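Reader: I am new to this structure and should like to understand the terms used to describe it. Please explain how each description is reached.

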Amino acid sequence: VAKRVLQRWGVAITEAENGKIALQKCTEQQFDVLLIDLEMPEMDGKTAVKAINQLSTRAPAIAFTAAVYENMKDDLHRHGFADYILKPFKPDELYKKIADLIEA
């Protein structure tokens with residue numbers, strides 16, 4: 001769903017099927033924003049973002065999650081995420097979060 005929304009906005013997308021691939025892609029290319037699901041195979045989103053943030057090519061990351069838990073915002077910030085969005089998401093909310101991070 002997110003891919004279709006982003007394509008409608010004309011956003012260039014690079015996909016990674018899991019956290020290990022996402023980390024590898026971040027060593028090969030610079031990204032403006034990362035949209036990372038917390039529940040990915042091979043390497044979960046928190047682990048991937050922690051590793052990505054150690055690279056010199058780091059980019060702000062937005063966590064995609066269906067889970068809501070106590071102190072979630074603080075926990076995600078501690079793990080290196082700039083923000084998060086709950087699934088199912090509202091396209092206008094995602095747009096604002098991405099725009100805010102790119103403009104920062």
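Author: The following exchange takes some descriptions in turn and sets each against its definition. This is a predicted model, in which local features need pLDDT of at least 70, side-chain atom pairs count only at pLDDT 80 or more, and totals for chains, interfaces and linings use all residues. Residues are numbered from 1 along each chain as its sequence is written, and side-chain values use heavy atoms, with hydrogens and water left out.

Reader: Why is Arg-4 called exposed?

Author: The relative accessible area decides the matter: under 20% is buried, over 50% is exposed, and values in between are partly exposed, with a 1.4 Å probe and protein chains only. Arg-4 has 54% relative accessibility and therefore counts as exposed. Arg-4 belongs to helix α1 (residues 2-8); helices are DSSP runs of H or I with at least four residues, strands are runs of E with at least two, and both are numbered from the N terminus.

Reader: What makes the contact of Glu-15 with Lys-3 a salt bridge?

Author: A salt bridge is a side-chain nitrogen of Lys or Arg within 4 Å of a carboxyl oxygen of Asp or Glu. The closest N and O atoms of Glu-15 and Lys-3 are 2.9 Å apart, so the pair qualifies. Glu-15 lies in the loop between α1 and α2, and Lys-3 in helix α1, twelve residues away along the chain. Glu-15, at 45% relative accessibility, is partly exposed, as is Lys-3 at 38%.

Reader: How do you know that Lys-46 and Asp-75 form a salt bridge, and is Asp-75 buried or exposed?

Author: Their N to O distance is 2.6 Å, which therefore meets the salt-bridge limit. The pair joins helix α3, where Lys-46 lies, to helix α4, which holds Asp-75. Asp-75 has 11% relative accessibility, so it counts as buried, whereas Lys-46, at 22%, is partly exposed.

Reader: Why are α2 and α3 called roughly parallel?

Author: Axes are lines fitted to C-alpha atoms, for helices over the stretch in contact, and angles run from 0 to 180 degrees between N-to-C directions. Angles under 35 degrees count as roughly parallel, over 145 as roughly antiparallel, 65 to 115 as roughly perpendicular, and the rest as oblique. The axes of α2 (residues 19-28) and α3 come within 9 Å and cross at roughly 15 degrees; the two helices are therefore roughly parallel.

Reader: What makes the phi of Glu-42 notable?

Author: Most residues other than glycine have a negative phi. Glu-42 is not a glycine, yet its phi is positive, about 70 degrees.
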